[in-house]
Amino acid sequence: MPKSSVKEMSGNKGISAFPESDNLFRWIGTIEGAVGTVYEGLRYKLSLDFPSGYPYNPPTVKFLTSCYHPNVDGEGNICLDILKDKWSALYDVRTILLSIQSLLGEPNVQSPLNVAAAQLWSNQQEYKLRLHEASARQPKS
């Protein structure tokens, strides 16, 4: 079962997570783009599915809101080392969401899931334009 509680989550600006219904192995998280990044003002929903081997095995984390980003594919899958080979049993929901929030502003363009976004990243003005166009097409939740 995930180690973070709603109380722990409330102290972090721009992130939150709650169990989905009565299923403590499936959480819905929210991340707001960090101030000073092209993602500032944008909000994303994610699903966190915890395996029976948690905390020794990482959860499966996906964007539910479409996210234009070098390390996120069209299905919402995230390329982030702490969700794969750098996983530690010490990571909790808060750590995961803060890491993804940080990834938004500091992508690894050397290991992209979205090559077009990675190629555009160096031109922040053009990237922000494309990002906000993509966000505007999203249904509001």
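What follows is a chat between a biologist and a modeller about the predicted protein model shown above.

Biologist: Before we start, what kind of model is this, and how are residues numbered?

Modeller: It is a predicted model, in which local features need pLDDT of at least 70, side-chain atom pairs count only at pLDDT 80 or more, and totals for chains, interfaces and linings use all residues. Residues are numbered from 1 along each chain as its sequence is written, and side-chain values use heavy atoms, with hydrogens and water left out.

Biologist: How many helices and strands does the protein chain have?

Modeller: There are four helices and four strands. Both are DSSP runs numbered from the N terminus: helices are H or I with at least four residues, strands are E with at least two.

Biologist: What pattern do they follow along the sequence?

Modeller: The order is α-β-β-β-β-α-α-α.

Biologist: What about the radius of gyration?

Modeller: The protein chain has 15 Å, which agrees with the value near 14 Å for a compact globule of 141 residues. That radius is taken over C-alpha atoms, and the globule rule is 2.2 Å times the number of residues to the power 0.38. The C-alpha trace spans about 40 × 30 × 25 Å along its principal axes.

Biologist: What share of the residues is buried?

Modeller: Buried residues are 39% of the 141 in the protein chain. Buried means under 20% relative accessible area, exposed means over 50%, and partly exposed is in between, with a 1.4 Å probe and protein chains only.

Biologist: And the accessible surface of the chain, what does it come to?

Modeller: About 7,900 Å², with 50% of it belonging to carbon and sulfur atoms. The areas come from the Shrake-Rupley method with a 1.4 Å probe, and for residues only the protein chains shown count as cover.

Biologist: Let's go to single residues. Where is Ile 78?

Modeller: Ile 78 sits in the loop between strand S4 (60-63) and helix H2 (93-105). It counts as buried because its relative accessibility is 4%.

Biologist: What does Ile 78 touch?

Modeller: Not counting residues up to four places away in sequence, its contacts (heavy atoms within 4.5 Å) include Leu 46, Val 61, Phe 63, Ile 100, Leu 103 and Leu 113. Lys 62 is another residue that Ile 78 touches; the two are 16 residues apart in sequence, and their C-alpha atoms are 6.3 Å apart.

Biologist: What share of contacts across the whole chain join residues at least 24 apart?

Modeller: Among contacts between residues at least 6 apart in sequence, it is 52%.

Biologist: New topic. How many disulfides does a search find?

Modeller: Zero in the whole structure, where a disulfide is a pair of cysteine sulfur atoms within 2.5 Å.

Biologist: Why is there no bond from Cys 67 to Cys 79?

Modeller: Because the Cys 79 sulfur, the closest cysteine sulfur to that of Cys 67, is 13 Å away, too far for a bond.

Biologist: Cys 67 and Cys 79, buried or exposed?

Modeller: Cys 67 is buried, at 6% relative accessibility. Cys 79 is partly exposed, with a relative accessible area of 28%.

Biologist: Which peptide bond is cis?

Modeller: The one from Tyr 54 to Pro 55, with omega near 15°. Pro 55 is in the loop between strand S3 (43-49) and S4.

Biologist: Where does Phe 50 lie?

Modeller: Phe 50 is also in the loop between S3 and S4, and it is buried, with a relative accessible area of 5%. Phe 50 and Phe 25 are 25 residues apart along the chain, while their C-alpha atoms are separated by 4.9 Å.

Biologist: What is the phi of Ser 21?

Modeller: Ser 21 has a positive phi of about 55° although it is not a glycine. This residue is in the loop between strand S1 (15-20) and strand S2 (23-32), and it is exposed, at 68% relative accessible area.

Biologist: Last one: which strand holds Arg 26, and what is it in contact with?

Modeller: Arg 26 is in strand S2 and is partly exposed, with a relative accessible area of 21%. Leaving aside neighbours within four places in sequence, Arg 26 is in contact with Pro 19, Glu 20, Ser 47, Leu 48 and Asp 49.
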